[in-house]
Amino acid sequence: MLVAAGAAFQVLRLDCEIADVLRRQGHPHEAKVLLNNTLAAIDPADDLMAVSDIHRQLGLLLVTEGDVVTAENHYRAAVALLEQADAALELAVTCRLLGDLLSHVGRHSEATAVYRTGLLATEGASPPLLGTDRPAASFHANQ
């Protein structure tokens with residue numbers, strides 16, 4: 001019904017949210033089916049953030065199933081999309097997940113490189129201090 005009204009964007013986001021709730025409520029199979037069906041039905045250019053979220057959620061589900069190879073592939077797809085979208089904070093979170101996975105399987109140098117990518121992405125991405133319209137003071141300003 002929403003798709004017929006031209007709201008494919010909202011449907012995509014809604015599917016991501018529903019899958020997240022299903023996963024958190026202990027229904028990983030249903031979440032995985034929903035995410036895979038949604039991923040198969042869309043073009044990544046429709047919404048880079050939502051598609052990257054689908055890949056990240058599939059990675060989470062696959063890690064819990066023990067399928068680290070496919071989980072890695074989904075995390076890497078999410079990272080690539082987030083780099084395109086210039087979404088620094090989401091990129092950092094996804095890099096942490098990928099780095100944790102790589103570290104867990106003993107690929108420490110790759111994990112370090114991925115962690116570094118995530119940390120560098122956040123450089124300059126911090127939100128302003130609440131209650132002020134001035135930029136945050138530099139840590140080294142008084143030294």
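The dialogue below goes through the cores, one helix and a few buried residues of a predicted model.

Student: Which conventions apply to this model?

Tutor: This is a predicted model, in which local features need pLDDT of at least 70, side-chain atom pairs count only at pLDDT 80 or more, and totals for chains, interfaces and linings use all residues. Residues are numbered from 1 along each chain as its sequence is written, and side-chain values use heavy atoms, with hydrogens and water left out.

Student: What is a nonpolar core, and which residues have the most contacts inside the largest one?

Tutor: In soluble globular proteins, nonpolar side chains tend to be buried together. A nonpolar core is a set of buried Ala, Val, Leu, Ile, Met, Phe, Trp, Tyr and Cys residues joined through side-chain atoms within 4.5 Å. Buried means under 20% relative accessible area, exposed over 50%, and partly exposed in between (1.4 Å probe, protein chains only). Here the largest nonpolar core has 16 residues, and Leu91 and Leu98 have the most contacts inside it. Helix 4 (68-85), helix 5 (88-104) and helix 6 (108-121) each supply at least two of its residues. Helix 5 gives the largest share, seven residues. A second, separate core has nine residues, among them Cys16 and Leu35.

Student: How is a helix delimited, and what span does helix 5 reach?

Tutor: Helices (H or I, at least four residues) and strands (E, at least two) are DSSP runs, numbered from the N terminus. The expected span is 1.5 Å times one less than the number of residues. Helix 5 has 17 residues and reaches 24 Å from its first C-alpha to its last, close to the 24 Å expected. Glycine 106, with a positive phi near 85 degrees, follows helix 5.

Student: Against which helices do the buried residues of helix 5 pack?

Tutor: They pack against helix 3 (48-65), helix 4 and helix 6. Contact means heavy atoms within 4.5 Å. Leaving aside neighbours within four places in sequence, leucine 98 is in contact with Glu72, Tyr75, Arg76, Val79 and Val114.

Student: Is arginine 56 buried or exposed?

Tutor: Arginine 56 counts as buried because its relative accessible area is 13%. This residue lies in helix 3. Its contacts, not counting neighbours within four places in sequence, include Tyr75, Leu82 and Thr94. Its side chain also reaches the backbone oxygen of glutamate 90 at 3.4 Å.

Student: How many disulfides does the structure hold?

Tutor: A disulfide is a pair of cysteine sulfur atoms within 2.5 Å. The structure holds zero. Cysteine 16 is buried, at 3% relative accessibility, and cysteine 95 is buried at 1%.

Definitions and conventions:
A polar contact is a pair of N or O atoms within 3.5 Å; within protein, one must be able to donate a hydrogen and the other to accept it, and residues adjacent in sequence count only if both atoms are side-chain atoms.
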